[in-house]
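The paragraphs below lead through the structure shown here, beginning with a sheet and moving on to cores, loops and a pocket.

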Amino acid sequence: MYFDGYQEYMTHDDFNYFDKSEMHVNNVVTNYSYPTIIPMAESVTGTKKTLKISKVDSGSDPKIVVVAEWFQPPTTKSNDVIGARFVGTDLLELPGTNLLNKNGSKFYENIDRQNNGFGQTVLISGTNISLTQTYKVRKGGTVYASYQHAKQVISTVNSRKYTISADGYGGVFKFSGTAVSVYDNSQGVSMSV
């Protein structure tokens, strides 16, 4: 559901959370499709990274997990943006994003919440980089998730110059001002919830 090797980064608290949750093999949904068949597929792979979306659905409100994995190191390491746009659903809990790299992990909670979704700025660093973002949503509707990489150094303030929009990068982030030419316009993913 996360990525191969995620268990190496798990803390005792992480294990307890999974142990007490509804997350078990029969409830995890990950369907992989090619972007040429479905415009907002559940998994997309670019030249250096992969983005996938999964859900844990046990009949109650689903838990969403978005994973961005770098299989080649990024040339620039700055303030990337990860988040989601919602249609017919909404957040039920504050999203958390974990940056994992060869040196360990860093947890981010501060989000830019908007009426139809949210974004989160993450300062990427290290090597063997993966990001995991988890949150619970109300059942029904669709979640569109996006991870946009900064191709050049950008400040935290300027990384937040966006609105959540269907015609934005990855179907989520419509950047403005100095942020427009900074991000890589990677394809997004989506999942019905």
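**From a hairpin to the sheet and its surroundings**

Q114 has G117 in β9 standing opposite. This is a predicted model, in which local features need pLDDT of at least 70 and side-chain atom pairs count only at pLDDT 80 or more, while totals for chains, interfaces and linings use all residues. Residues are numbered from 1 along each chain as its sequence is written, and side-chain values use heavy atoms, with hydrogens and water left out.

The strands β8 and β9 form a hairpin with two residues between them. They run antiparallel and are joined by three bridges. Strands here are DSSP runs of E with at least two residues, numbered from the N terminus, and two strands pair if DSSP finds at least two bridges between them. Strands of a sheet pair through backbone hydrogen bonds, either parallel or antiparallel.

The hairpin belongs to an open sheet of five strands, in the order β8-β9-β5-β11-β14, with antiparallel pairing. Its edge strands are β8 (112-114) and β14 (189-192), each of which pairs on one side only. On average, neighbouring strands of this sheet are turned by 15° against each other, direction ignored; the axes are lines fitted to C-alpha atoms, and angles run from 0 to 180 degrees between N-to-C directions.

Within the sheet, strand β5 (residues 79-87) is joined to β9 by seven bridges, and the two run antiparallel. One position shows this pairing: A84 has F118 in β9 as its bridge partner. Strand β9 (residues 117-123) is mostly covered, with six of its seven residues buried. Buried means under 20% relative accessible area, exposed over 50%, and partly exposed in between, with a 1.4 Å probe and protein chains only. At the β14 edge, strand β11 (residues 142-148) pairs with β14 in the antiparallel sense over four bridges. There, A145 stands opposite V189 in β14.

The discussion now turns to the nonpolar cores. A nonpolar core is a set of buried Ala, Val, Leu, Ile, Met, Phe, Trp, Tyr and Cys residues joined through side-chain atoms within 4.5 Å. The largest one has 27 residues, and those with the most contacts inside it are I53, I64, V66, F86, Y135, V143 and Y147. The elements that give two or more residues to this core are β3 (49-56), β4 (63-70), β5, β9, β10 (130-136), β11 and β14. Its largest share, four residues, comes from β4. What does V66 touch, not counting residues up to four places away in sequence? The residues in question are L51, K52, I53, I82, L131, T132, Q133, Y135 and A145, where contact means heavy atoms within 4.5 Å. A second, separate core of 13 residues includes Y144, A150, I164 and Y169.

Several loop residues also deserve attention. N128 is found in the loop between β9 and β10 and has a positive phi of about 55° although it is not a glycine. N128 is exposed, with a relative accessible area of 52%. N185 likewise has a positive phi of about 55° without being a glycine, and lies in the loop between β13 (173-175) and β14. N185 is partly exposed, at a relative accessible area of 46%.

The loop between β13 and β14 also holds G177, which counts as exposed at 58% relative accessibility. G177 and N158 are 19 residues apart in sequence and 8.2 Å apart in space, C-alpha to C-alpha. In the loop between β5 and β6 (96-101) lies G88. The C-alpha atoms of G88 and K139 are separated by 8.8 Å, although these residues are 51 residues apart along the chain. Leaving aside neighbours within four places in sequence, G88 is in contact with R138, G140 and G141.

The last feature is a pocket. On a 1 Å grid over the protein atoms alone, a pocket is an open set of points where a 1.4 Å probe fits, with protein on both sides within 12 Å along at least five of seven lines; lining residues have an atom within 4 Å of a point. The second largest pocket holds about 310 Å³ of space, a volume being the space filled by probe spheres set on the points. This pocket is lined by 20 residues, of which T47, K48, K49, D184 and S186 are the closest to its centre. The elements that give two or more residues to its lining are β2 (43-45) and β3, and β3 gives the most, with three residues.
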